Structure formats: structure tokens, C-alpha cells
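Me: I'm new to reading protein models and would love some help with this one. Could we go through it together, one question at a time?

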Amino acid sequence: MGTWDWQVFLKDTGGGETYLRWMMSAWGWTISVAVLSLIIALIVGSLMGILRTTPNKGLVFIGNAWTELFRNIQLLVQIFLWYHVLPSLFLSLRAVPSFVLVVFALGFFTSARIAEQVRAGIQSLPKGQTYAGLATGLTRIQTYRYVLLPMAYRIIIPPLTSESMNIIKNTSVAFAVSIAELTMFAMQAQEETSRGVEIYLAVTGLYFVSAFAVNRIAALIERKVQVPGLLGAK
Amino acid sequence: MNLDFGFFSWKLIQSFILKGLWFSVELTLVAMVGGIAIGTVLALMRLSGKPWLVIPATAYVNVLRSIPLVMVILWFFLLIPLLLGRPLGAEVSAIITFTVFEAAYYSEIMRAGIQSVPKGQVAAGYAVGMTYSQCMKLIVLPQAFRNMLPVLLTQTIILFQDTSLVYAIGAYDLLKGFEVAGKNFNRPVETYLVAAVVYFVICFSLSMLVRQLQKKIAIIR
């Protein structure tokens, strides 16, 4: 396997910057895709998860259909749909940069998983809480806002944490449509420098660091918002 | 743009799609069987209580679970030729990668399965004179498998979906089959759409089957 050659990161890529610089900017793309998709996933996923717990059959169906659709097609194919198929069906999408399309693809993909968790979180609450909310004169929307959701979100923080870590890992699929993120960098730099082991080690390390950071942030949030009196509370 | 699916014919399916479908299925089945076997061993190691078994198994599972699958695929594709001294081809490389990678996920499922068996059963096994391996083989593992069967199958559906990521090393799987067909007929939009429908139909019906199974085998205690 030969010796290490870490100086490869200081070499010029031919475009006036070092591989280290390129890798850091790729890391930035990875984080941007992850954060923006997570925001979309949380908004859309919460909405769909809530719909699935309402008493209205039509709304439940919409929520269920959404979840099944985005869960049963794998991310790579969904990214291709956003990148190759949608712009040729809807011409106005052609002007949209591929970065945005990938953010929506990953966001909608993850929203199905978050919908599932939000639904489970709400349904884990005793029915009496809904009834109590309605009985005190709150509307259904107010019941969700002030009674159900504050509890449900706290309960599902652990699965939401692993989903947020998954989203960092899943950004790697964006290589397939040439987003300049870490995996794309790894593939191209490996080809150009033939120092694959060093490049891959550095990239893998950055994925570790990112996922670990998400994990710590989530743990912090979990401690801040814990419900006194529940088993998990310290 | 007008969609035109007229070019889809049995001949197209035969010459482009079936080969890819076969590889995806083969990859899924080999990685499932190998992954569950290695995963069960890893789970037993982690529950053995002996540090020299627990630490390596825990490290294996945690490391693989924190790396994106695409990176794992690239790593193996890079390392296998370096270690063997000769290239193996994308398909074989993919089969090894998925077996090793999925083992980490199956092992977590098997660990939960083993832990779901009440302690008293192992104690009862010892009490009637069974050895550790007899207890595991005859009492714990059969129940762990049964309890976890739906989860193991759900993981296998995810595995089937993930096989498309061999795209990164250019192996010819089901998705690649659609892509090549699309390029050949200059109809990429239609072929990607059909690919999505095919994956959806396969995965949705499999997950419905798993749900039925789950109702059927829900235990018994």
C-alpha cells in the first residue's frame, strides 16, 4: 500500500486552490444540504405526521399516502426524479440550481420518516389529553399546539436525533447529480491524485465529526427541554 | 414535453432490465444471508460480557453505522484491489461490501431480539443441564429470530433499496439497467419514471407483506 502522503492535501488542484481548501468547501456543501433538507423535512414531516393523527379520514389518507410514497422509493431514484424528470415535465424548474433540487429531494425523502415519528409521538400520548384539551374549550388546532405537540416533540427527540444523523450520511447520495459535496470530492480527488486512502480517511473523518456534532447538539436540546417527572429526566 | 412509453418492449426489458434486476436480487439475498449470519455472531459477541469480544464487535458496528454507505462502497472498491493485488470487479466488490455493511445493521436487530427473550429461559436452560451454546441454539436464537423476523425483513427491503448505490462504482444493477435503456432510446425521463414506479411497487408490496406477517406471528406470551 506504500507510505502515507498527507502532503497531497497541500497540492494545487490545478484551479489555484489546494485539495484541503476544496475539501473544506465540499464539507460546507455537505452541511448546507443537510441543514436545509432537515428544515424542510421537519416542517413537511410534522405536517404530514399531524395529519395522520387527525379524526378526518381524508387528511389521514393524505398523510399516509405521502409517507408510503416517499418511503418506498429510494433516495437515489428520488434525486434522479427531481434532477432529470421534474425539470423536463415542468420547464420552469430548469432555472432552479441542482443544489436546490437535491435539498428538496432529501428533505421530502426524510419528511416521510419524520412524519412516522411525529405520528408515533402524538399517538403515544394518552387519549385523555386530547379530550381534556377539547373539554377546556381549546379548538383542535389549539389542542395540538398547546397540549399534544409540546409533549410529542420531547418524546421523539431520540429518533429525531438519529434521523438528523442519517441526513448527514444521506447527503452523500447527492454525488450522483454532481453536487460538490464530500463524497463527490472524495471520488474526484481520488482519481486525480491516486492517494485514495488519505483522501477517503479525511472525508470519512469529516462525516464522523459532523454526525458527532449533531449528536451532541441534540443531546443538549434534549437536556434543555426534558419533561420533569418522566423516566428519561434526570 | 410529451411522455412516450411506447418504446418499452419485452425485448428492451430482456436486454437491459432483467440483467440488472437479477444482480440487485442476488446482491440483496447474499447480503441478507451473510449479513444476518455475521450480524448474529456480532450480537452474541456484544452480549457475551467478555471485553475482548465486546469491544471489537461494538467498534465494528458503531464505525460502519456512522459512515455513509456510499463511502463504504468506495472504501471497499479502493481497498480490496490494494489488499488482493488485483481488481475484483464492481459486482463482487459490491457483494462483499453489502454483506459486511449490512451485518452491522442486522447485528443491532439481533441484539434487540436476543435481549427480548426473558432471562428466566436461559436460567431454565442451564438448570436442565444445557451448555451456553445449547441454550443459545435451542432456546434463545429461535425466539430471537421469530420476534425480530418483521424487523429483519424490513431491513432487507431497505437493503434492496440501497443496492442502487452501487451506482457509485458503476456496477450493473436494476437502476443502472433502466438508465442504460434510457440512454439507448434517448428517453431518460420515461425510464427514470418507470424505475421509480417499479421500485415503489416492489417495496410497497413487500412492506405490506411484512405488515401481514407481523400480525400473524405477534407472540404468544
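Me: Thanks! Let's start with a loop: which two helices of chain B does the loop holding B:Asn186 lie between?
Reply: Happy to help, and keep in mind that this is a predicted model. B:Asn186 sits in a loop of chain B, with helices on either side. The helix before the loop covers residues 174–184. The two helices are α7 and α8 of chain B.

Me: What is phi of B:Asn186 near?
Reply: Here is a bit of background: most residues other than glycine have a negative phi. B:Asn186 is not a glycine, yet its phi is positive. The value is near 55°.

Me: Is B:Asn186 buried or exposed?
Reply: We can count the C-beta atoms around this residue. A residue counts as exposed if 12 or fewer other C-beta atoms lie within 10 Å of its own. B:Asn186 has 7 other C-beta atoms within 10 Å, so the residue is exposed.

Me: Which residue in the loop between α7 and α8 of chain A has a positive phi?
Reply: The residue to look for is not a glycine, and its phi is about 60°. It is exposed, with 12 other C-beta atoms within 10 Å. The loop between α7 and α8 of chain A holds this residue, A:Ser178.

Me: Let's step back to the whole chains. How many helices does chain A have?
Reply: Chain A has zero strands, and its elements read α-α-α-α-α-α-α-α-α from the N terminus on. Its C-alpha atoms fill a box of roughly 70 × 50 × 25 Å along the principal axes. The count of helices in chain A is nine.

Me: And what percentage of the residues of chain B count as buried?
Reply: Chain B has eight helices and zero strands. Residues 24 or more positions apart account for 75% of its contacts with a separation of 6 or more. Of its 221 residues, the buried part is 38%.

Me: How are α1(A) and α7(A) oriented to each other?
Reply: Helix α1 of chain A spans residues 19–51, and helix α7 of chain A spans residues 157–170. Their axes come within 9 Å and cross at roughly 135°. Because of that angle, α1(A) is placed relative to α7(A) in the class called oblique.

Me: How many nonpolar residues are in the contact of α1(A) with α7(A)?
Reply: From α1(A) come A:Ala34, A:Ser37 and A:Leu38, which meet A:Ser164, A:Ile167 and A:Ile168 in α7(A). Two residues of this contact are polar and none is charged. The number of nonpolar residues is four.

Me: How far apart are the end C-alpha atoms of helix α9 of chain A?
Reply: This helix runs over residues 196–225, which makes 30 residues. At 1.5 Å a residue, it should span 44 Å. The distance in the model agrees with that, at 43 Å.

Me: Which helices of chain B help cover the buried residues of α9(A)?
Reply: The buried residues of α9(A) include A:Ile199, A:Leu206 and A:Val214. Part of their cover is from chain A itself, including α1, α7 and α8. Chain B adds to the cover with α2 and α3.

Me: Last one! Which helix gives the largest share of the side of chain B that touches chain A?
Reply: The contact takes 28 residues from chain B and 29 residues from chain A. On the side of chain B, α3, α6 and α8 each supply at least two residues. By class, that side has 23 nonpolar, four polar and one charged residues. The largest share, 11 residues, comes from α8(B).

Conventions. Residues numbered from 1 in each chain as written. Chains lettered and ligands numbered in written order. Predicted model: local features only at pLDDT ≥ 70, side-chain atom pairs only at ≥ 80, totals over all residues. Axes fitted to C-alpha atoms, helices over the stretch in contact; angles between N-to-C directions. Helix = DSSP H or I, 4+ residues; strand = E, 2+ residues; numbered from the N terminus. Parallel < 35°, antiparallel > 145°, perpendicular 65-115°, else oblique. Contact = placed C-beta atoms within 7 Å. Nonpolar A, V, L, I, M, F, W, Y, C, P; charged D, E, K, R; others polar. Expected span 1.5 Å × (residues − 1). Buried ≥ 20, exposed ≤ 12 C-beta atoms within 10 Å, placed from the backbone.
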